[in-house]
Amino acid sequence: MARWAELKSQGIKRFGEVGAWAFDKWKMLNDTFFNGESKPGAIIWGQTPQGKSLGYYHVSENLIYLNKNLMRPVYPTNDFKWGIQHLNKKIAGDVLLHEMIHQRVNQTGGWVGETSHNNERFVDEVNRIARLLGMDIKAKVIKQKRTRDKSIWHVEPGYLTLKELSDFPYSSRTDNYYYGHP
Ligand SMILES: [Zn+2]
């Protein structure tokens, strides 16, 4: 994959070891969850465009942003330090996997629906990847339900909420998954 190697060396120039880590992790996740079929794009460490989110996928540029605040030994604390030794690799790996689901959906025809998380394509990927991760969860597109005078978003019992869909897979990890050594 010549393109991947080229992007990785640019990532190392800009971000050092965490740049290299992101590309190696991307390749591993691509082989494990996407048959090695996703097309690589740049992975940028910095502020995500929306500020608050831990990751972001830029559709038209095939670009993944990872929030530099992922470099905290135990999340969440305030003592952010730049460097691979401060990276919580478990959280960062899950954030990267989430963005790679958006990447996958967009590289295989895109989505039609309510939002980039609440649509058939994204939900199908969540179910597929949850099975591979051994997670006992189910996802389904959340639809509006009409009551007498208004419509409400109705989550069927046993299915992921919109927030859980938007934060998959980190929303669905066991409570202590992220603690201890990354
Ligand atoms: Zn998302």
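**Exercise 1. The zinc site**

Which residues are the protein donors of the zinc ion, and how far from it do they lie?

*Solution.* The structure is a predicted model, in which local features need pLDDT of at least 70 and side-chain atom pairs count only at pLDDT 80 or more, while totals for chains, interfaces and linings use all residues. Residues are numbered from 1 along each chain as its sequence is written, and side-chain values use heavy atoms, with hydrogens and water left out.

Step 1. Donors are N, O and S atoms within 2.8 Å of the metal (3.2 Å for Na, K and Ca); water is not among the atoms, so sites may look incomplete.

Step 2. The protein donors of the zinc ion are H98, H102 and H117, each through NE2, at 2.0 to 2.1 Å from the ion.

Step 3. Along the sequence, these donor residues follow the spacing H-x3-H-x14-H.

Step 4. Helices are DSSP runs of H or I with at least four residues, strands are runs of E with at least two, and both are numbered from the N terminus. H98 and H102 both belong to helix 2, where they stand 4 residues apart, about one turn of the helix.

Step 5. Both H98 and H102 are buried; buried means under 20% relative accessible area, exposed over 50%, and partly exposed in between, with a 1.4 Å probe and protein chains only.

**Exercise 2. Helix 1 against helix 2**

Describe how helix 1 and helix 2 cross, and state which residues meet.

*Solution.* Two packed helices are described by the angle between their axes and the distance between the axes.

Step 1. Axes are lines fitted to C-alpha atoms, for helices over the stretch in contact, and angles run from 0 to 180 degrees between N-to-C directions. The axes of helix 1 (residues 2-33) and helix 2 (residues 89-107) come within 10 Å and cross at roughly 60°.

Step 2. This angle makes helix 1 oblique to helix 2. Angles under 35 degrees count as roughly parallel, over 145 as roughly antiparallel, 65 to 115 as roughly perpendicular and the rest as oblique.

Step 3. The crossing of helix 1 and helix 2 is right-handed. A crossing is right-handed if the near helix is turned clockwise from the far one by less than a right angle, and left-handed if anticlockwise.

Step 4. Contact means heavy atoms within 4.5 Å. W21, A22, K25, W26, L29, N30 and F33 of helix 1 meet K89, A92, G93, L96, L97, M100 and Q103 of helix 2. By class, the residues of this contact are 9 nonpolar, 3 polar and 2 charged. Ala, Val, Leu, Ile, Met, Phe, Trp, Tyr, Cys and Pro count as nonpolar, Asp, Glu, Lys and Arg as charged, and the others, Gly among them, as polar.

**Exercise 3. Helix 2 against helix 3**

At what angle do helix 2 and helix 3 pack, and how far apart are their axes?

*Solution.* Step 1. The angle between helix 2 and helix 3 (residues 120-133) is about 135°, and the axes are 10 Å apart. Helix 2 is therefore oblique to helix 3.

Step 2. The crossing of helix 2 and helix 3 is right-handed.

Step 3. On helix 2, L97, H98, I101, H102, R104 and V105 meet R121, F122, E125, I129 and L133 of helix 3. This contact has 6 nonpolar, 2 polar and 3 charged residues.

**Exercise 4. Buried or exposed?**

Decide whether E99, N35, N62 and M135 are buried or exposed, and locate each residue.

*Solution.* Step 1. E99 is found in helix 2. Its relative accessibility is 4%, so E99 counts as buried. Beyond residues up to four places away in sequence, E99 touches G55, Y56, Y57 and I64.

Step 2. N35 is placed in the loop between helix 1 and strand 1 (43-46). With a relative accessible area of 64%, N35 is exposed.

Step 3. N62 lies in the loop between strand 2 (55-58) and strand 3 (63-67). Its relative accessible area is 16%, and N62 is therefore buried.

Step 4. M135 is in the loop between helix 3 and strand 4 (143-146). M135 has 13% relative accessibility and counts as buried. Residues up to four places away aside, M135 touches A130, F168, P169, S172 and R173.

**Exercise 5. The backbone**

What is the phi of N35 and of N62, and which peptide bond is cis?

*Solution.* Step 1. Most residues other than glycine have a negative phi, and most peptide bonds are trans.

Step 2. Phi is positive at N35, near 55°, and also positive at N62, near 50°.

Step 3. The peptide bond from F168 to P169 is cis, with omega near 5°. P169 is found in the segment after helix 4 (162-166).
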